[in-house]
Amino acid sequence: MADNLPSEFDVVVIGTGLPESIIASACSRSGQRVLHVDSRNYYGGNWASFSFSGLLSWIKENQEKTDVREDNENWRKLILETEEAISLNKKDNTIQHVEDVCYASQDLAEDVKEAGALPKLPAFGASDTSEAAQESEKECLPVESQSLGTESCETYPESVTCNDLESTTERKDAEMTSEREHLCDATFDQSALETGKTENVSTAEAAALEPKKITYAQIVKEGRRFNIDLVSKLLYSRGLLIDLLTKSNVSRYAEFKNVTRILAFQEGRVEQVPCSRADVFNSKKLTMVEKRMLMKFLTFCLEYEQHPDEYEDYKECTFSEYLKTQKLTANLQHFILHSIAMVSEANSDTIDGLKATKHFLQCLGRYGNTPFLFPLYGQGEIPQCFCRMCAVFGGIYCLRHSVQCLVVDKESGRCKALIDHFGQRISANYFVVEDSYLSEKTCTNVCYRQISRAVLITDQSVLKTDSDQQISILTVPPVERGQPAVRIIELCSSTMTCMRNTYLVHFTCSSTKTAKEDLEPVVRKLFSLNAETERESENGGGLGKPRVLWAVYFNMRDSSGIDRNSYDCLPSNVYVCSGPDCALGNDYAVKQAETFFQEMFPKEEFCPPPPNPEDIIYDGDGTQPEDPGFSSSSNTKTEPSPKESSDGDSCKVSEEHHEE
C-alpha cells in the first residue's frame, strides 16, 4: 500500500516528467532502490497526453487554481532539532492563461457522455487510498496489464514497429475493436446530417468537395480517441532520445510513425518543402537552376567543418544574413531557414544554422523520407515507457502521492529524507525533484521563460492532398523581426491522437504575451472559425480554409537552462529537473538526465542494454528452470513475422538501423 512504503531507498524521484522518468529508469537499471512518486493522478506531468474529457478536466483545474490549504501540519513534529525542512508545492503553478473555445455546433451536446469513460477523479493532490485513484491509474496508463511490474512486459513485442492501423500491437486490439463500432455509429450519424445538402450532387463529388460536418457532441462521444499532448515535440531519427530508446530497449514499449511531410508558409500559401535528393529533383515548385543551387548548398552543409574558409568571415553573422551571401534565391533561403534548419531568424548565428542543417540532413532516410518520428498515442507515451522499464527492474510507483517536505541535516547540508502526506518519513541518498514542486521561497531568484501553446481540432488538413493521413510540420516565420516563429505540428487520425475525419494541430512558440495573443493571429491566417466558414459558403467562396472545431490556448513555464545556484539553499544531493522546453526535439531532457545520473553514480553505465535471457546464470545446478508461463523474458514473447511488421510505411526502431 502507498501508506506503508519501505522507509529507505537509494533514490527518490518526485515527478514523472520525461527527465525524471529517464533518471528513474537508469537508476533502477543499475541496481538502485528507486521510489518514484507524483502528486498528480496521471503520468508525465507537463509531458502528459489526455483524452478529450481528461483535457477538459485539466483545463478546469488550471482555470480555477484553488489554493491548497495545510489542514494537517503534524509532519512538522517529525523534524528534529538538528534538521530543517524545505517545504514543497502542493499545487502546480506552471500553467497560466488557459482559455478554451468551441466553434463546432453544440446542439444536444449537454447530455452526451464519452464512450467508455471511467468515473471522474477527485481533485489534484487528493488521497491515494480511494478506489477512484486505482481507476485513474488504469485510465492514465493505457496498457493491457495496468501493473508496471515485471509481468506487464509480456504484452509487448520485442521490437517496436511504426505500423499503420492494421498492424498495431496486441495491447491496442481490444480498444480498436470498440473504436470501430463507435466509428460506424458516428459515420452513420454524419451521413444522415448531410443527406439534405447533397441531393443534387453525386456522392463522390460531395466527398471530394465538402468535409464531413463534425459536431461538439461527436467530439465528446469519441473523446477517448483523442490523445492530446501538453507539449508538442518530434523525435529526430538520429537524436539523443531515439539513441537512448534503442540502446536501452525501451523502444519495445512504444510505436512510432514517420512524419510524412515538411511544409513552408510563404506569401500567404502553404506548400511542401523538398528534403531528400529525390524530392528536390521531383519538385515542380523549384526551377532547374534552383534545384542545382539547393543540392550544392546542402552538400556543403553535410561537410561544412572541412571547409572553414567558406564561413569563417560570417561566424558573427546570423544564419539568415549568411544565406544571403550564398548563391541562393529568396525562395531557397526561406526553405532552408524555416523548414530545414528551423532556427531563429534573429538569434541564431551561422554556426548554429550550419549545425542544424547538417543534423537535419543526417537524420534523413534512417526511418523514412523525413528526419522525424512521432510516437503513436502521443508524446505522453515516452515518459511512461521509461517508467515501465524502471518498474521492471524493481522501482516502486505511487501516483496521487504528495510530498510535504524535504528534510535537510543542518550540519552536513545534505538532504536525508522526505515526509509524505501520510506522515511517513522516507530516507534516501539522492533526491530528484521536478522544478514545479519547488516552493516560491526556493525559486525566489529564478527567472523563468514562458512557452505559448495552442491545440486545435480541425476538420481538414492545412494542405489537402490525395492522402488524408499526413503528419506535417510547418514553421510560420514572424511578421516582425525579433518576434518568435510559430511551429505547427499537424497530426492525423492514424497517429491515434484524434478521431477520424479530424486533425489535431499543435502550435508552439516562445511567449511574448499570453498564448492567445501570440498564436491566434497565426491561427486566423491558416484556419477559419465557424462563423467565417458559413459566410464564405453563403458568398460562394467555396470551402476556403480548414475549419477550427475546438481550440485551447495556454502558457507553460519553460524551466530549462536554469543554473542550480539560482535555487535558494538547495542541498548538494538534490537534483532539479526542468519541465518541457520550446525546442522541437528532446535532447535537453536526455542530456540533463544523463548528467544527473553520472553525478550520482559516476562508475555506472547510463541505461545499458538489458541482459540477454540466454546469458542469465541461474542458481543451483546451472539448468534453466521450467517456464511457469508468466515470465517477462523477451524469449517468451511472440515475435511478429517480418511480413506482418513491414506493412504500409512501418519502420522498426531498433539497433539494426543504426548504421543504415
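This dialogue introduces the reading of a predicted model, from its overall make-up to one strand and one pocket.

Colleague: How many helices and strands are there in the protein?

Modeller: The protein holds 16 helices and 22 strands. It has 660 residues, and 54% of them count as buried.

Colleague: What does its surface consist of, and how much area does the protein expose?

Modeller: About 29,900 Å² is exposed, with carbon and sulfur atoms supplying 47% of that area.

Colleague: Which share of the contacts joins residues at least 24 apart in sequence?

Modeller: One takes the contacts between residues at least 6 apart in sequence; of these, 76% join residues at least 24 apart.

Colleague: Let us turn to a single element. How many residues of strand β9 are buried?

Modeller: A residue counts as buried when its relative accessible area is under 20%. Strand β9 spans residues 261-266, and six of its six residues are buried, so by this cut-off the strand is mostly covered.

Colleague: Which residues point one way from β9, and which the other way?

Modeller: Arg261, Leu263 and Phe265 point one way, whereas Ile262, Ala264 and Gln266 point the other way. Both sets are buried, Arg261 and Gln266 included.

Colleague: In which sense, parallel or antiparallel, does β9 pair with β18?

Modeller: The pairing with β18, residues 472-476, is parallel and runs over four bridges. Within it, Ile262 has Ile473 of β18 as its bridge partner.

Colleague: And in which sense, parallel or antiparallel, does β9 pair with β10?

Modeller: With β10, residues 269-272, the sense is antiparallel, over four bridges. Here Gln266 of β9 is matched with Arg269 of β10. The two strands form a hairpin with two residues between them, and Glu267 takes a positive phi near 55° there.

Colleague: Now to the pockets. How much space lies in the second largest pocket, and which residues lie nearest its centre?

Modeller: The second largest pocket has about 1,100 Å³ of space. Its lining comprises 34 residues, and those nearest the centre are Met342, Val343, Ser344, Ala583 and Leu584.

Colleague: Which elements each supply at least two residues of that lining?

Modeller: They are the helices α11 (330-341), α12 (350-363) and α16 (587-600), together with the strands β19 (486-491) and β20 (503-510). The largest share, four residues, comes from α12.

Colleague: How many residues of the lining are nonpolar, polar and charged?

Modeller: By class, the lining of the second largest pocket contains 16 nonpolar, 13 polar and five charged residues.

Notes:
Residues are numbered from 1 along each chain as its sequence is written. This is a predicted model: local features need pLDDT of at least 70, side-chain atom pairs count only at pLDDT 80 or more; totals for chains, interfaces and linings use all residues. Side-chain values use heavy atoms; hydrogens and water are left out. Buried means under 20% relative accessible area, exposed over 50%, partly exposed in between (1.4 Å probe, protein chains only). Contact means heavy atoms within 4.5 Å. Accessible areas come from the Shrake-Rupley method with a 1.4 Å probe; for residues, only the protein chains shown count as cover. Two strands pair if DSSP finds at least two bridges between them. On a 1 Å grid over the protein atoms alone, a cavity is a set of points where a 1.4 Å probe fits but cannot get out, and a pocket is an open set with protein on both sides within 12 Å along at least five of seven lines; lining residues have an atom within 4 Å of a point. Grid points are joined across faces, edges and corners, and a volume is the space filled by probe spheres set on the points. Ala, Val, Leu, Ile, Met, Phe, Trp, Tyr, Cys and Pro count as nonpolar, Asp, Glu, Lys and Arg as charged, and the others, Gly among them, as polar.
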